[in-house]
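Let's take a walk through this protein together, from its overall layout down to a few individual residues. Have the viewer open and follow along.

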Amino acid sequence: SCLYQVVQQRFPQHPLQAVSTVIFLRFLNPALVLPHEFGIVDAEPLPRIKRGLTLVSKILQNIANNLIFTKEFHMRCFNDYLRSTFDLTTNFVLSISEPINFNTIMPPDEQQPIENNHIPDSTILSPTYP
């Protein structure tokens, strides 16, 4: 995928983990934490609901990063669950990271090489909220 190609150049030692981090940090978790900003719900969730969504987001981000909770004692009860999902998450990331045959999308003479030297790491890995 295009994302895999970009992050592989930036993070050649851990490209799958980088893809996973970007997908969850930049796309899934922002929509989960701020569903009203993404048109998923009409109104801003109540504070207790927002807190729950934030905790779910933390769990998902740890799954994406293949990390268990060590510093947040109240979240350690999820560590067995986190461990049980690491392989599934890796398989998911592998499936969305398969190379794209650009020739089926665009004729070779119209293709341009991916140039990402101008994309700072902070842009790739920092969350974007509307």
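Which residues make up the largest nonpolar core? Keep in mind as you look that this is a predicted model. The set has nine residues in all: Tyr4, Val7, Ala18, Val19, Val22, Ile23, Phe24, Ala64 and Val93. Helices α1 (2–10) and α2 each put at least two residues into this core, and α2 gives the most, with five. There's another core lying apart from that one, made of six residues, including Ile59, Ile63, Leu82 and Phe86. As background, nonpolar side chains in soluble globular proteins tend to be buried together.

Now step back to the whole fold. You'll count five helices and zero strands, so the order from the N terminus is simply α-α-α-α-α. Of the 130 residues in the protein, 31% are buried. If you take contacts between residues at least 6 apart in sequence, 56% of them join residues at least 24 apart. As for the outside, the accessible surface comes to about 8,600 Å², and carbon and sulfur atoms account for 60% of that.

Next, zoom in on glutamine 61, which sits in helix α3 (residues 47–65). Is glutamine 61 buried or exposed? It counts as buried, because its relative accessibility is 12% and the cut-off for buried is under 20%. Leaving aside neighbours within four places in sequence, glutamine 61 is in contact with Thr21, Phe24, Leu25 and Asn29. Phe24 in that list is also a member of the largest nonpolar core. Leucine 25 deserves a second look: it is 36 residues away from glutamine 61 along the chain, yet their C-alpha atoms are separated by 6.8 Å. The side chain of glutamine 61 also reaches the backbone nitrogen of leucine 25, at 3.3 Å.

Over in helix α4 (residues 79–96) you'll find threonine 89. With a relative accessible area of 10%, threonine 89 is buried too. What does threonine 89 touch, not counting residues up to four places away in sequence? The list is Ser20, Phe24, Ile63 and Ala64. Two of these names should ring a bell, Phe24 and Ala64, which belong to the largest nonpolar core. Ile63, on the other hand, is one of the residues of the six-residue core.

Let's move on to the loops. Histidine 36 has its place in the loop between α2 and α3, and at 19% relative accessibility histidine 36 counts as buried. Setting aside neighbours within four places in sequence, histidine 36 is in contact with Val41, Ala43, Glu44 and Pro45. Valine 41 lies in the loop between α2 (15–33) and α3, but valine 41 is partly exposed, with a relative accessible area of 33%. On the surface, Phe38, Ile40 and Val41 make a nonpolar patch of about 250 Å².

Last stop: the loop between α3 and α4, where asparagine 66 lies. At 36% relative accessibility, asparagine 66 counts as partly exposed. What is phi of asparagine 66 near? The value is near 55°, which is positive in a residue other than glycine. For context, most residues other than glycine have a negative phi.

Technical notes:
Residues numbered from 1 in each chain as written. Predicted model: local features only at pLDDT ≥ 70, side-chain atom pairs only at ≥ 80, totals over all residues. Heavy atoms only, no water. Helix = DSSP H or I, 4+ residues; strand = E, 2+ residues; numbered from the N terminus. Buried < 20%, exposed > 50% of the residue type's maximum accessible area, 1.4 Å probe, protein only. Contact = heavy atoms within 4.5 Å. Polar contact = N/O pair within 3.5 Å; in protein donor to acceptor, adjacent residues only side chain to side chain. Patch = residues over 30% accessible without salt bridge, like charges linked within 9 Å, V, L, I, M, F, W, Y side chains within 5 Å. Areas by Shrake-Rupley, 256 points an atom, 1.4 Å probe, with all protein chains shown as cover. Salt bridge = Lys/Arg side-chain N within 4 Å of Asp/Glu carboxyl O. Core = buried A, V, L, I, M, F, W, Y, C linked by side-chain atoms within 4.5 Å.
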